[in-house]
Amino acid sequence: MKAEDFLEKNEVREMTILSQLISHHGSISYNDMLDHLSVSKASLENDLESIKSWTATSNQCIAIHYDGQTINLKLGDEMSLLQIYRRYLDQSVKTKIITFLFKYQKFTITQLAQKLAISESSLFRKIKELNNYLKEFNIKIRNGRFDGEELQIRYFYFQFYYYIEDKRKLLSQFTSNQLTQTIQSLENYLKVTISSENKQKLRIWLIISKMRITIKKLQTDYLRNQMQPYLKDPLYHKIQVMVFRYFSRYSIEVDEGEAMLHFAYLLAFSILSENDFHEYRLLRDRHAPIASLDTYIAETIIIHFNYRRLPYMLEREMYYHLTHMHTLLYFFRGDIEYYDETVFIQEKQPVGKTLNPFAEKLLETSTWKFDNQMERQKSLLTILLSKYLSLLVFITSKMTKVLQVGIDLKLDDLYKETLSELLISKIRPLNGVHSERYVSHKKYDLILTNETQHDSDQYNEARVYVLSKILSSYDMRNIQRILQELNT
Amino acid sequence: MKVVIIGASFAGVAAALETRKRHPKAKIVLLEKQTTLAYIPNGLHLYWRNEIADLNEARFITEEQLEESRIDYYLEANVKKINTSQKIITYHYFGKYEMIAYDKLIIAAGSKQLSEKIKGSAQESVLKYKRYEEAEAALLKVKASERITIIGGGQVGIEAADLLSTQKKKVTMIESMDYIMFKYLDEDMIQPIQRKMIDRGIDLKLGKTVSTIDAVSDHEVNVHFADDSVTSESVIMSVNVRPHLPFLDTHIAQHTDQTIAVDRYLRTSIKDVFAVGDCIQLSGPDNDQVYIPLINNAVRTGIVAAANLNEPELEFKGSLRTIGTNVFGYYVASTGMTEGESLFSNHKVKTTRQKIKLTSLQNANTVTVKWIYDAETHVLLGAQMISTVNILEKINTLALAIETRQTIEDLQQKDYFFHPSYTQMIATTNLVSWMGERVDGDEG
Ligand SMILES: Cc1cc2nc3c(=O)[nH]c(=O)nc-3n(C[C@H](O)[C@H](O)[C@H](O)COP(=O)(O)OP(=O)(O)OC[C@H]3O[C@@H](n4cnc5c(N)ncnc54)[C@H](O)[C@@H]3O)c2cc1C
């Protein structure tokens, strides 16, 4: 599901208006806005009205003006689009249903309708809508409580508190010495060091687990099934011992299911550092599903790029990321899409564009390898695709040698200087490329010139590209293509 | 002043007697849902040990003693509701609902042996015997059984395994952790007992958690764990006990684990309501809040609550989880923090394990002692002992040492008697590197 699925249609539109305004430097004409939204003018006016009414109480942090011609937005220095988004999410009825459910574990329709000050029938409708989105997590709200695999329920809450609801609110409600102590104990037990950012993730997870622990019948059938190859896993074993010992100190009954939940979480959400993970990787069973998929994908990547092998540390890092992705794919379903990093890599980065088909192929391979008759959900796959892609970008950019480009323009001095500089500045944003004015006898990978050469030896081994029209986009495309060829 | 106490077991009775001592004029009422009074929870073990001839002898106090102290008690009085705003308790008594008002209320409703995770654990062939009636039923059932499966390798489970294997029963013991009695002993200390169990033909299944129990016929049940199962005529549940408090009103704050939240004076979140015994958490060996359901804690919390009825006078000092028992020919005892548990604590600990002769005689018996102490300050944090002779009383010395924050060096200075038939050069409870045969451990 998407973060905006927690919002109502009109709220999404309001968000879009604000985000359009921000990307247009705070001012946009009615016509452009109407085009973008494809709504009637009356409905735009409504949305603007609604924005105005809440921004009026926002202490000048944000102010909107409109006159039927243009819309203007003023943001305080401290205000960001993300904060605005947060505010919408905070107000949303669907968000409130989930936070209520989290706090009390169950509700009656009457009780919740009263609490949210909405009618019972509209509460029903909201729950129905939510359930529709929750399908991809394979859970649903039924009889006033969550129904489904425990791992999926906690995973959904985790995504919810990590991306949707303000996590600081949750953390400040619960942060206690006990939590800090628990994380410290985990570090002691596993003999690992957890970074402060990961500690925060872990805190959220532990708070969720704490809220869920006393629920009588937790469903763990699917998890137990998936855990079969991991019952002797060294990390799982340690977690199991710790879980049993930890809860033996309270009057809380747990079974292996609880340990399995934590095992899946720790691995999928990269809680361990690369170093600690590496220690584990040396001990784990290489034939278990996740490890063997890691190897398969790693080899596919190496073969694809014709690398003989990766530098030791880079290979370790690749495995580190692959395990997280594959653990996610192996145990979990569904996702809340929040960041637009996919778009960023795919559209803004030329490398992303060419790597995308390969990332898709990897994703296809891994979903096929893990085929378990369970229909995989789109959001999780989207996230995984973007993860594969960023891993590929990461590896290729690490592996790229810096290509030397020499610019040798045969022109009048003044033009030569200017156009060379302009060309250099156009090439500069490309990854792994260094360009300069041609220096004779220096070794280059690519020479850009405007005249066909006569002396074939002049540039030694270097490849030569003759510019058809200096600074044309046609040339730029060709140059990019050649650079990529040179790199593989 | 009218003091009402829910539950007339160790905690409730101790609270009643202490209240009488402090408040000669108070009216004291004990409400107890059982049909009999003051049954000792491991009475069945005493019977199997031939230490009592009849389960009925396993009583820690008599009705006469209560009457002498002018304590009113109602048996078969099952408390159903408490209303803390009006200070009224509703209980079910011989087919009718009765109400009683209180000035001070002490909740001593203890704990039950129950599992919510093990499917089928509520059926009849699954034995529990904390209560008198349960013990009577278990006694008969076990008599008629050849094969017995025990779920849970804590103190109760291991005692039962020992006693039943002596009766030539075929015993299977299933324990979630990698070794038995893990709450009290470290893995290195428990080895002799585990070996002895295997020698005695006990099928020891470690690292296995029971998921389901189902009846296969009138007299046979299957216990399932991981991908395995075992068949027997009866099953003994010796898993952790848990409070069962359906009668609480919502004003009384509870912890996540359903225990009642109390302060150091054992006051609950509601004025004039106290909670004691197995239904609360205590400050444990590391001064953190933990659940330690033991009789000594029940009694001591009962006394402390009674002392604080009017004014907060006496703080509860906490529990070191001191235990002692005799199983499979070994006397074992433990107090304070174990090495395994120390990972939950802020202390960096050191440990030493020594085998020490108990007397100065040639053929002296030995005891293996493990000390757990703070690596920096050398303050003693925990101790464990195992021997083939009865050394149980010695653990109390070490418990006192921990409570009074003695260092390993302090202990060496303690006065002790010497008699060659009973002691050797140095008291057993001292860690002196040149005395014992070092088995293992860090530099002392
Ligand atoms: C088999 C077995 C053996 C044990 N052996 C030992 C041992 O050797 N040493 C040791 O230290 N510990 C032992 N324990 C632990 C020990 O039993 C408990 O720690 C101790 O009994 C706690 O005492 P208590 O008074 O708090 O609660 P309990 O003994 O549980 O008593 C609570 C009482 O409250 C009553 N009650 C509950 N609800 C209501 C209600 N609604 N209305 C009226 N009355 C109610 C119950 O009937 C019960 O009598 C053993 C436990 C078991 C199960």
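This is a tour of a predicted model, moving from the ligand to a few loops and strands. Residues are numbered from 1 along each chain as its sequence is written, and chains are lettered from A and ligands numbered from 1 in the order in which they are written. Local features need pLDDT of at least 70 and side-chain atom pairs count only at pLDDT 80 or more, while totals for chains, interfaces and linings use all residues; side-chain values use heavy atoms, with hydrogens and water left out.

**Stop 1: the ligand**

Select the ligand and the 30 residues around it, where being near means having a heavy atom within 4 Å. Those that come nearest are Ser9(B), Glu32(B), Asn42(B), Lys130(B) and Asp278(B).

Next, show the polar contacts (pairs of N or O atoms within 3.5 Å; within protein, one must be able to donate a hydrogen and the other to accept it, and residues adjacent in sequence count only if both atoms are side-chain atoms). Glu32(B) places a polar side-chain atom 2.6 Å from a ligand oxygen. For Lys130(B), the distance from a polar side-chain atom to an oxygen atom of the ligand is 2.7 Å. At Ser111(B) a polar backbone atom is 3.1 Å from an oxygen of the ligand. The protein buries 91% of the 990 Å² that the ligand exposes when taken alone, with areas from the Shrake-Rupley method and a 1.4 Å probe.

Now colour chain B by secondary structure; helices (H or I, at least four residues) and strands (E, at least two) are DSSP runs, numbered from the N terminus. At least two shell residues each come from α1 (10-22), β4 (77-83), β8 (111-113) and α7 (295-307) of chain B. β4(B) gives the most, with three residues. Coloured by type, the shell has 16 nonpolar residues, nine polar and five charged; here Ala, Val, Leu, Ile, Met, Phe, Trp, Tyr, Cys and Pro count as nonpolar, Asp, Glu, Lys and Arg as charged, and the others, Gly among them, as polar. Domain 1 (2-112 + 242-307) and domain 2 (126-237) of chain B each supply at least three residues to the shell, with bounds from an automatic or database domain assignment.

**Stop 2: Ser121(B)**

Select Ser121(B), in the loop between β8 and β9 (126-127) of chain B. Ser121(B) is buried, at 5% relative accessibility (buried is under 20% relative accessible area, exposed over 50%, partly exposed in between; 1.4 Å probe, protein chains only). The Ser121(B) side chain reaches the backbone oxygen of Ile118(B) at 3.0 Å, and a polar atom of that side chain lies 3.4 Å from the backbone oxygen of Ser115(B).

**Stop 3: β22(B)**

Move to strand β22 (residues 330-336) of chain B. Six of its seven residues are buried, so the strand is largely enclosed by the rest of the structure. Strands count as paired if DSSP finds at least two bridges between them. β21 (residues 323-327) of chain B runs antiparallel to β22(B), joined by five bridges, with Asn326(B) partnering Tyr331(B). The two strands form a hairpin with two residues between them, and Phe328(B) in the turn has a positive phi of about 50°. β22(B) also pairs with β25(B), antiparallel over six bridges; there Val332(B) stands opposite Ile386(B).

**Stop 4: two histidines**

Most residues other than glycine have a negative phi. His378(B), in the loop between β24 (366-374) and β25 (380-387) of chain B, has a positive phi near 65°. In chain A, select His441(A), in the loop between β7 (433-437) and β8 (446-449). Its phi is also positive, near 75°, and His441(A) is exposed, with a relative accessible area of 77%.
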